Amino acid sequence: MSGEKGRSRILQATKKIGELILEYYAKASDFKAQGKPIAWITVFTPVELLRALDIYPVAPEHFGAMCSARNFIMDYLEEAERKGYSQNLCSYSRCGLGYALSGMSGLMPPPDILITFRNSCDVYVKWWQSLQAHLGTPLFVGEAPYVLTPEDLDNYVLDYVVKQLMDLIKLAEDKFKLKFDEEKLVEAVKLSDKASELWLEALKLRSNKPCPLGGRDSASDIFPLVVMQGTKEAVHFYEELLEEVKGKVGRGEGVIEKEQYRLLFDGIWLWYAFDLIKYFEDKGAVFVYEPYSEAWAYRLDPSKPLESIAKKVLAMGLNIDIDLRIERFLESIKEFYIDGAVLFSNRSCKSWSAPQLVTAEIIGSKYDVPYLIFEADMADPRQYAEAQIKNRIDAFIEVLRERKCT
Amino acid sequence: MYVGVDAGASATKVVIIDEKENIISHAIVPSGINFKASFEEALKKALERLGLSRKDILYIVSTGYGRELVEASTMFSEITCISRGVHKLFPSVRTIIDVGGQDSKAIRINENGRVLDFVMNDKCAAGTGRFLEVMATILGKPIEELGALHFKSLNPVKISSTCTVFAESEVISYISKGCKIEDVIAGLHSAIAERISSMSSRIGFEREVAFTGGVAKNPGFVEALSKRIGFNPILPKEPQIICAFGAALLAKKQFMKKV
Amino acid sequence: MLTSISEVCKHPIELLKKYKDSGIGIVGYSCSYVPEELIISAELQPFRIPNFGSAASTLTPTFICQFASAVLENILKLEEFFSGFVLAHTCDPMWRLYDIIKKKVRKPIFFLRVPHNTEGELSIEFFKRELLRLKDFLTKNLGAKVDGEALLSAIKVCNENRSLLKEVYMRNDDGKYCVNGLDRFRLVLASMWMPKREINAQIRASIFKYNGVKTDKVRLHINGTAIYDLKLIEMIEDAGCFIASDDLCTGSRYFWDNVNVSRDLFYALAERYLQRTPCPSHGPLQKRLAYIDFMVETFKAKGVLTIAERFCDPMLYDAVHVKDMLAKKNVPTMFIDYENFEQEASRIKTRVQAFIESLGG
């Protein structure tokens with residue numbers, strides 16, 4: 001079996017993402033040209049709210065992923081390093097800072113406001129502080145406290161986030177002479193909820209054998225959920241995608257023909273090395289579940305728009321208690337019939353990587369799931385030891401094969 | 001006469017100067033594990049060339065990795081010593097890039113040779129002479145030949161790893177694919193130049209820029225680094241002893257303070 | 001229980017063992033955002049968990065702050081001595097320490113959520129709620145009831161401690177005289193490990209010692225986070241300088257601001273802890289830069305030494321702006337990073353020496 005390369009597929013929907021991305025950035029530039037405000041946001045900042053304020057959001061984290069995938073991140077990384085930013089810092093932030101320090105004449109228009117909600121990491125706060133220091137742009141820092149129990153999504157913790165959102169509204173109204181439109185928010189929340197619903201349904205279909213939607217699909221197809229939430233285009237994209245996936249399930253069409261191993265991937269993807277996903281697929285292994293893929297899909301209640309989006313900010317994957325995260329892993333192992341787990345120890349994301357070994361041990365022992373941990377960087381191609389990593393993957397696949405035979 | 005000793009991790013350099021601050025003798029000896037012994041050996045060699053003895057020495061300044069282990073009147077950091085040495089020979093220099101056996105540094109100095117700012121890499125082999133030593137061994141070439149081979153290259157390869165161990169894998173892979181040895185060498189010089197230039201750019205390149213340190217004796221590396229920073233540097237005739245020379249100058253200064 | 005301050009600083013774990021033997025309930029805490037006053041008012045001894053005595057834990061990846069990882073290792077090793085732990089959400093590794101410890105430790109643990117946006121009433125009100133939650137945890141799991149009087153008394157003794165530390169510190173602002181950096185740091189660390197009444201008495205009794213000595217050694221300001229192992233400070237001062245001022249959380253930031261006693265004690269605590277000069281992981285950058293600027297001017301530092309753990313994100317981002325700000329004022333800066341300062345002594349000494357030499361020392 002090993003050595004045989006099957007054909008592996010990506011969705012038609014996935015092929016459209018590149019264009020969608022470029023359109024999104026082009027629109028941002030148009031917006032800017034019309035004198036309307038652009039917000040640089042950290043992802044999970046409530047985009048629905050910004051739609052209601054007529055502020056156009058762009059996400060430098062996505063920009064970093066895109067630059068890495070398209071091979072033009074090095075100039076920005078070097079610019080940031082020249083300024084003194086250490087190579088041990090998040091590569092998204094080095095890309096974004098390097099971009100900001102070199103004139104911002106690329107795809108992403110300069111910001112009129114910087115908005116962040118600390119829910120994934122403190123780097124959000126430090127990076128945004130640094131941008132303000134260099135650019136002088138007004139900065140809003142929100143805090144989404146760590147969710148220790150499900151009650152925190154209903155008590156004073158939620159209340160705190162809601163009040164901060166109200167502060168943000170006031171700030172934006174004052175700064176840009178805008179008026180917050182509650183109706184627009186409700187509309188955006190409805191659309192956002194619909195897009196999430198559709199995507200979650202599609203993800204659920206990955207429990208089928210063979211799995212119709214693989215790693216390269218899920219990595220690319222979350223884009224509309226990240227910055228396009230609240231738009232009709234996002235809903236339309238997921239409607240088409242869901243149809244396509246349903247069709248594949250109906251025809252028994254999977255990502256690869258001879259699906260041997262169903263894997264979980266924990267972490268952010270290696271944006272410059274999508275061929276690594278294909279490397280797994282060529283060995284009969286397909287990714288059927290990633291916490292990353294469901295991170296942006298959250299059901300909202302249009303009758304409580306501000307509260308809903310506040311809950312969404314709080315309940316982001318990394319921001320909920322470790323026991324709740326482990327619970328989700330164990331659920332997914334059952335739901336998606338997972339044979340093994342691949343955990344990416346990402347040098348750029350210490351918040352994610354720090355507890356990974358402990359989490360892996362628990363999954364490994366409780367459900368007897370073999371796991372592989374490898375270290376690299378998500379966007380900096382210099383921190384990638386390809387030969388060594390592929391070696392580990394080979395050994396891991398052999399372990400999975402042995403288990404299947406016995 | 002005054003003596004400066006640079007007890008480096010790879011080599012121990014001794015320079016002797018006279019009252020007029022001219023270099024009258026010098027010696028370079030591998031450091032090994034006993035700095036005291038290498039210092040004695042180097043000093044002996046340098047004195048022998050002049051037919052003089054230790055009694056004639058007025059003051060000794062030590063610097064470098066092993067500076068605390070050799071018998072000297074005072075110690076100074078390499079950063080200060082290199083700056084003094086370069087400034088004495090080339091007063092127009094404002095930036096110094098020094099690449100030694102186990103570390104590399106970039107120093108900015110003012111018109112009086114005073115240190116304004118500096119950056120160092122001394123925790124990672126990549127970007128130091130060690131990197132080239134390791135690679136030369138794999139390629140089966142003596143390190144002194146790397147320079148000449150560099151200029152034969154028409155198609156330098158790209159070494160993407162920043163880590164010496166991973167770069168080794170890349171080199172082996174290129175050779176096994178049939179790449180020419182000169183192309184691999186040129187690629188390695190480019191990689192190490194990139195590392196050093198990136199570190200140095202954090203303090204800026206104000207001209208004139210001088211290259212010093214043992215690795216500056218490699219013309220292939222010098223070319224790669226010059227290309228990277230965008231202009232030609234000032235290259236001392238004996239780049240490896242500049243630091244010890246600066247130490248000797250400081251020895252004279254310290255002695256004069258006492259009298 | 002009389003203990004010598006310098007012994008305590010060299011062997012804090014020995015002190016921990018002494019407490020355990022004498023039946024005192026000890027609450028280990030991770031950082032200076034945890035109000036010791038609350039712990040003291042519950043008749044428990046607060047004990048700030050250092051990194052030294054342990055290497056980094058194998059439970060975390062190699063690119064995670066080794067300092068935090070060693071604190072983790074200490075918690076795992078020394079669990080038996082503590083009644084419980086209070087961990088605060090400061091930076092990412094400290095945050096994730098809670099995740100890991102939750103799965104590995106049996107003693108009661110409390111996670112204190114500290115808003116990273118420290119300014120404004122909203123954040124103070126939220127933090128106040130968190131402190132009330134901490135009070136409930138302490139009384140339910142660990143100690144005695146916390147009533148208004150006990151809390152007020154604890155605030156007073158902590159305020160006194162901070163005032164004494166500041167008094168010693170202020171004997172430093174004369175450009176000619178200097179109190180040894182090592183001595184000043186010792187007093188701060190001892191304050192985190194010894195009972196307040198005892199350390200306060202010791203400082204009061206020996207305050208005449210801190211008159212400072214005349215020196216023409218180069219005066220430096222140290223910019224950093226937490227340094228528990230004072231051999232690092234010794235290493236720096238031995239290279240030929242005096243640490244005239246600092247912004248460490250095991251330094252001036254620990255004691256610079258007092259609690260403003262008002263009717264609502266929990267509000268007062270929340271306000272003080274949140275609004276003092278923040279940890280690099282928190283608060284407006286400008287507030288920290290202003291504090292550093294103030295320190296450098298008041299204590300007449302000739303240069304600023306930034307000491308950062310190799311993977312400390314907040315320090316690594318801040319370093320760029322600290323350098324920029326000070327460059328505008330013609331104050332030279334030097335950046336040093338390390339994972340294990342004893343193993344890297346040679347590199348650190350070289351840099352410090354070169355820096356001192358460049359400042360004319």
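Here is a friendly conversation about how some features of this predicted model get their names.

User: What makes H1(A) and H11(A) roughly antiparallel to each other?

Analyst: This is a predicted model, and the answer comes from the angle between two helix axes. Helix H1 (residues 12–33) and helix H11 (residues 232–251) of chain A have axes that cross at roughly 160 degrees and come within 9 Å. Angles over 145 degrees count as roughly antiparallel, so H1(A) and H11(A) earn that description.

User: Which residues meet where H1(A) touches H11(A)?

Analyst: From H1(A) come Gln12(A), Ala13(A) and Leu20(A), and from H11(A) come Phe237(A), Glu240(A), Leu241(A) and Glu244(A). By class, the residues of this contact are four nonpolar, one polar and two charged.

User: How do you know whether H7(C) and H8(C) are roughly parallel or roughly antiparallel?

Analyst: The same kind of reasoning works here. H7(C) and H8(C) pack at about 175 degrees, and their axes are 10 Å apart. The cut-off for roughly antiparallel is an angle over 145 degrees, so H7(C) is roughly antiparallel to H8(C). On H7(C), the contact uses Asn161(C), Leu165(C), Val168(C) and Tyr169(C), while H8(C) brings Arg184(C), Leu187(C), Val188(C) and Ser191(C). The residues of this contact split into five nonpolar, two polar and one charged.

User: Why are the buried residues of H9(C) said to line one face of the helix?

Analyst: Let us begin with the residues themselves. In helix H9 (residues 196–206) of chain C, the buried ones are Lys196(C), Ile199(C), Asn200(C) and Ile203(C). Looking down the axis of H9(C), these buried residues fall within an arc of 100 degrees, so they line one face. The face turned away from that buried side carries Arg197(C) and Ala205(C), which are exposed.

User: What covers the buried residues of H9(C)?

Analyst: The cover includes three helices of chain C: helix H3 (36–41), helix H7 (148–170) and helix H8 (181–193).

User: What makes E2 and E4 of chain A edge strands?

Analyst: Look at the strand order. Chain A has an open sheet of four strands, arranged E2-E1-E3-E4 with parallel pairing. Strand E2 (56–58) and strand E4 (139–143) of chain A each pair on one side only, and they are the edge strands. From one strand to the next, the twist averages 25 degrees.

User: How many bridges support the pairing of E3(A) with E4(A)?

Analyst: Strand E3 (residues 113–118) of chain A and E4(A) share five bridges in the parallel sense. Two strands pair if there are at least two bridges between them, so E3(A) and E4(A), with five, count as a pair. Within this pairing, Thr116(A) stands opposite Val141(A) in E4(A).

User: Why is one side of E2 and of E4 in chain C left without a neighbour in the sheet?

Analyst: Chain C has an open sheet of four strands in the order E2-E1-E3-E4, with parallel pairing. Strand E2 (45–48) and strand E4 (109–112) of chain C stand at the edges with a single partner strand each, so one side of each has no neighbour in the sheet. In the same chain, strand E1 (residues 26–29) runs parallel to strand E3 (residues 84–88), joined by three bridges. Val27(C) has Gly84(C) in E3(C) as its bridge partner.

User: What makes strand E6 of chain B mostly covered?

Analyst: Five of the five residues of strand E6 (residues 95–99) of chain B are buried. Thr95(B), Ile97(B) and Val99(B) point one way, Ile96(B) and Asp98(B) point the other way, and all are buried.

User: Which strands are joined to E6(B)?

Analyst: Strand E7 (residues 104–109) of chain B runs antiparallel to E6(B), with five bridges joining them. E6(B) and E7(B) form a hairpin, with four residues between them. Strand E9 (residues 209–212) of chain B runs parallel to E6(B), joined by four bridges. Asp98(B) appears in both pairings: Asp98(B) stands opposite Lys105(B) in E7(B), and its bridge partner in E9(B) is Thr212(B).

User: How many residues of chain A are in contact with chain C?

Analyst: On the chain A side there are 38 residues, in contact with 35 residues of chain C. H6(A) gives the most to this side of chain A, with six residues. The residues of this side divide into 18 nonpolar, ten polar and ten charged.

Note on methods: Residues are numbered from 1 along each chain as its sequence is written. Chains are lettered from A and ligands numbered from 1 in the order in which they are written. This is a predicted model: local features need pLDDT of at least 70, side-chain atom pairs count only at pLDDT 80 or more; totals for chains, interfaces and linings use all residues. Axes are lines fitted to C-alpha atoms, for helices over the stretch in contact, and angles run from 0 to 180 degrees between N-to-C directions. Helices (H or I, at least four residues) and strands (E, at least two) are DSSP runs, numbered from the N terminus. Angles under 35 degrees count as roughly parallel, over 145 as roughly antiparallel, 65 to 115 as roughly perpendicular and the rest as oblique. Two residues are in contact if their C-beta atoms, placed from the backbone, lie within 7 Å. Ala, Val, Leu, Ile, Met, Phe, Trp, Tyr, Cys and Pro count as nonpolar, Asp, Glu, Lys and Arg as charged, and the others, Gly among them, as polar. A residue is buried if 20 or more other C-beta atoms lie within 10 Å of its own, exposed if 12 or fewer, and partly exposed in between; C-beta atoms are placed from the backbone. The arc is that of the directions from the helix axis to the C-beta atoms.
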